[in-house]
Amino acid sequence: MTQSPSIVLDAAALALGDKNFVFGGEIAGGSVTAVTGRSGSGKTTLLNLIAGFEKPDSGQVLIGGAVMNDLHVAQRPVTVVFQENNLFAHLDIFTNTGLGVDASLRLDRDGRRRIGEALTRVGLKGFENRMPASLSGGERQRAAFARALVRNRPVLLLDEPFAALDPEMRGEMGTLLLELHAETGNTVMIVSHEPDEVAQIADHRLVIENQAISARY
Ligand SMILES: Nc1ncnc2c1ncn2[C@@H]1O[C@H](COP(=O)(O)OP(=O)(O)OP(=O)(O)O)[C@@H](O)[C@H]1O
């Protein structure tokens, strides 16, 4: 798979409670797409369908031309950073980040070096032995982003990842996200309620309304 796969939603439909979601459209490979829309419109549900946390009742999700419907989360070329609860509470920050290098934590010298580099890039050098509970919400999000950096999958999905950060730190993480994007050409989707963040980061925008994609530009 290329580092810049397109994402296609082919009438991907899902019912959750009394809500019926139907998503259609293509996200261009190598784009950075902001996903916007009112609370409860279906932004997280869209990301869950792409990542594999939800499976469509009908229709298809394709990444890089390959149908994803029957693939588990770990089998998809995707990494996700959620709004919170990204870290394992019983593992220190070095180990949490290391899960992005190797899920079974068999870390060789190069892997350990990459973890150190990623933590330095997100401003968490020296936090290696700290447990998640001892970090602020913003520091925890930066650790989650460090794990996404080392995981380096072709598709990066971010669900309001920087909401807990102050504006300055949010801007820095946005810059880091764009640096990673320039280095790898990955395909990025980011849910954001922050117009400044959307303007800084995204080259495309999706609007979600009434459980569907209502506009793209
Ligand atoms: N498992 C579920 N069972 C029933 N309803 C659900 C389920 N998951 C989500 N929903 C509903 O689907 C709608 C869309 O949820 P979703 O989390 O995708 O919204 P969102 O656009 O990400 O909202 P926000 O901006 O508030 O995070 C909401 O009304 C939510 O209550």
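**Exercises on a predicted model**

The ligand in this predicted model is surrounded by Leu16, Gly17, Lys19, Gly37, Ser39, Gly40, Ser41, Gly42, Lys43, Thr44 and Thr45.

**Exercise 1.** Determine which element gives the most to the shell around the ligand, and how the shell divides by class.

*Solution.*
Step 1. Assign the shell residues to elements: helix 1 makes the largest contribution, with 3 residues.
Step 2. Sort the shell by class: 8 residues are polar, 2 are charged and 1 is nonpolar.
Step 3. Place helix 1 in the chain: it spans residues 43–51, and Lys43, Thr44 and Thr45 are among the residues around the ligand.

**Exercise 2.** Describe the sheet of 4 strands and the position of helix 1 on it.

*Solution.*
Step 1. Write the strand order: the sheet is open, runs 2-1-4-5 and is paired in the antiparallel sense.
Step 2. Identify the edges: strand 2 (19–27) and strand 5 (66–67) each pair on one side only.
Step 3. Examine one pair: 8 bridges link strand 1 (residues 7–16) with strand 2, and Leu9 has Gly25 of strand 2 as its bridge partner.
Step 4. Add the helix: helix 1 lies across strand 1, strand 2 and strand 4 (58–63), at about 115 degrees to strand 1.

**Exercise 3.** Describe the sheet of 6 strands, explain why strand 6 and strand 10 each have one side without a neighbour, and locate the helices that pack on the sheet.

*Solution.*
Step 1. Write the order: this open sheet reads 6-7-8-3-9-10, and its pairing is mixed.
Step 2. Consider the edges: strand 6 (78–81) and strand 10 (212–216) have a single partner strand each, so one side of each has no neighbour in the sheet.
Step 3. Give the twist: from one strand to the next, the average is 20 degrees.
Step 4. Examine a parallel pair: strand 7 (residues 155–159) and strand 8 (residues 187–191) are joined by 5 bridges, with Leu156 opposite Val188 of strand 8.
Step 5. Add the helices: helix 4 (residues 137–151) touches strand 6 and strand 7, its direction making about 170 degrees with that of strand 6. Helix 1 lies across strand 3 (32–37), strand 6, strand 7, strand 8 and strand 9 (204–209), at about 150 degrees to strand 7.

**Exercise 4.** Characterise the contact between domain 1 and domain 2.

*Solution.*
Step 1. Set the bounds: the domain assignment gives domain 1 as 1–77 + 155–217 and domain 2 as 85–152.
Step 2. Give the separation: their C-alpha centres are 23 Å apart.
Step 3. Count the contacts: 10 residues of domain 1 are in contact with 10 residues of domain 2.
Step 4. Analyse the side of domain 1 that touches domain 2: helix 5 (residues 167–184) supplies the largest share, 5 residues, and by class this side has 9 nonpolar, 1 polar and no charged residues.

Conventions:
Residues numbered from 1 in each chain as written. Predicted model: local features only at pLDDT ≥ 70, side-chain atom pairs only at ≥ 80, totals over all residues. Domains from an automatic or database assignment. Contact = placed C-beta atoms within 7 Å. Helix = DSSP H or I, 4+ residues; strand = E, 2+ residues; numbered from the N terminus. Nonpolar A, V, L, I, M, F, W, Y, C, P; charged D, E, K, R; others polar. Pairing = 2+ DSSP bridges. Axes fitted to C-alpha atoms, helices over the stretch in contact; angles between N-to-C directions. Near = placed C-beta within 6 Å.
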